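Trainee: Could we go through this protein chain together, one part at a time?

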Amino acid sequence: MTASVIDGKATAATIRQEVARAVERLKAEAGLTPGLAVVLVGEDPASSIYVRNKNKQTVEAGMASFEHKLDEGTSEADLLALIDRLNADPAVNGILVQLPLPKQIDSAKVLAAIDPAKDVDGFHVVNAGRLATGQDALVPCTPLGCVILAKQTLGDLSGLEAVVVGRSNIVGKPVAQLLLQENCTVTIAHSRTKDLAATCRRADILIAAVGRPEMIKGDWVKPGATVIDVGINRIEGEGGKGKIVGDVAYDEAAAVAGHITPVPGGVGPMTIACLLRNTVTAAARQNGLSSPFAG
Ligand SMILES: Nc1nc2c(c(=O)[nH]1)N[C@@H](CN(C=O)c1ccc(C(=O)N[C@@H](CCC(=O)O)C(=O)O)cc1)CN2
């Protein structure tokens, strides 16, 4: 069997078009232009590219983009003061602080300072709690992207066995919550799971979010399974050139799976598309309207 490739780039483009249409309607019907503030501390090359893409795609979708670039040595107090100003700014509907942050800054403290209504990353404990208890929440972008791809590929997920490898607060736990909402039977596996390979082999939907290059091997995949790879790992390729691989050994897994996301071009592009969607949802809700997006 050779798996069909799940095209995250194409789905992300469709979501961005839906976002642009929703923005048009908000402008016409409510006189509202959603605004997203993105904060970058330091000059990490990958983070700088992601932030540039976020700003570009925000503007392309018809929204207002506010970019805040701070020096690597910025103090936690200065960053918290900026967040206070963004929380109070009515033109800003969504706030995102690009991660990772430099060592002198406590990320948890910064994320907790963001107004939960503007927390378009969905990382605030209020949004995590709302998601876990089935209330309207701003949902973390990468997990949302994974579940959109799974639903688009498989339709109804109800009753399927889902195994999530990785238990981070920003991917593993929220993606497990979303799959539970879709009535999957969900297992969260991690480094202390006794027989990780056997656990993965149970999965109809296997989500890899461990951050270790090509850790999940082909013989860990159940024949016909849908494999969603969240990993973005930069490794040395042939001729000393850098390349990006996922957490799944792609060629081996693609020989066994029914459907698989590539890296790059799978989950990655969905992250920014879902961020734009969350920004529109946040703007609508802050103005007493419901989210224009289903599901
Ligand atoms: N505050 C946040 N920080 C970070 C998040 C996040 O969701 N919120 N996620 C990642 C980085 N990220 C967005 O911020 C992100 C990562 C990857 C991609 C993407 O499109 N990847 C491409 C490959 C890109 C490349 O060549 O480097 C792909 O997979 O096709 C978009 C956004 C950490 N920080």
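What follows is a set of questions and answers on the strands, the domains and one residue.

Mentor: This is a predicted model, in which local features need pLDDT of at least 70, side-chain atom pairs count only at pLDDT 80 or more, and totals for chains, interfaces and linings use all residues. Residues are numbered from 1 along each chain as its sequence is written.

Trainee: Which strands stand at the edges of the open sheet of six strands?

Mentor: Strands (E, at least two residues) and helices (H or I, at least four) are DSSP runs, numbered from the N terminus. Two strands pair if DSSP finds at least two bridges between them. The order in this open sheet is β1-β11-β8-β7-β5-β6, with parallel pairing. Each edge strand has a single partner strand, so one side of each is left without a neighbour in the sheet; these are β1 (4-5) and β6 (185-189).

Trainee: Which residue in β8 does alanine 208 stand opposite?

Mentor: Strand β7 (residues 205-208) and strand β8 (residues 226-229) run parallel and are joined by four bridges. The residue in β8 opposite alanine 208 is aspartate 229.

Trainee: How many residues of strand β2 are buried?

Mentor: A residue is buried if 20 or more other C-beta atoms lie within 10 Å of its own, exposed if 12 or fewer, and partly exposed in between, with C-beta atoms placed from the backbone. In a regular strand the side chains alternate between the two faces of the sheet. On one side of β2, Gly35, Ala37, Val39 and Val41 are buried, and on the other Leu36, Val38 and Leu40 are buried. For strand β2 (residues 35-41), the count is seven of seven.

Trainee: What is the bridge partner of glycine 35 in β3?

Mentor: β2 runs parallel to strand β3 (residues 64-70), and seven bridges join them. The partner of glycine 35 in β3 is alanine 64.

Trainee: What separates the centres of domain 1 and domain 2?

Mentor: Domain bounds come from an automatic or database domain assignment. That assignment gives domain 1 (31-118) and domain 2 (141-267). Taken over C-alpha atoms, their centres are separated by 28 Å.

Trainee: Is asparagine 287 buried or partly exposed?

Mentor: Asparagine 287 is found in the segment after α10 (267-286). Leaving aside neighbours within four places in sequence, asparagine 287 is in contact (C-beta atoms, placed from the backbone, within 7 Å) with Ala30 and Leu32. Because 13 other C-beta atoms lie within 10 Å, asparagine 287 is partly exposed.

Terms used. Two residues are in contact if their C-beta atoms, placed from the backbone, lie within 7 Å.
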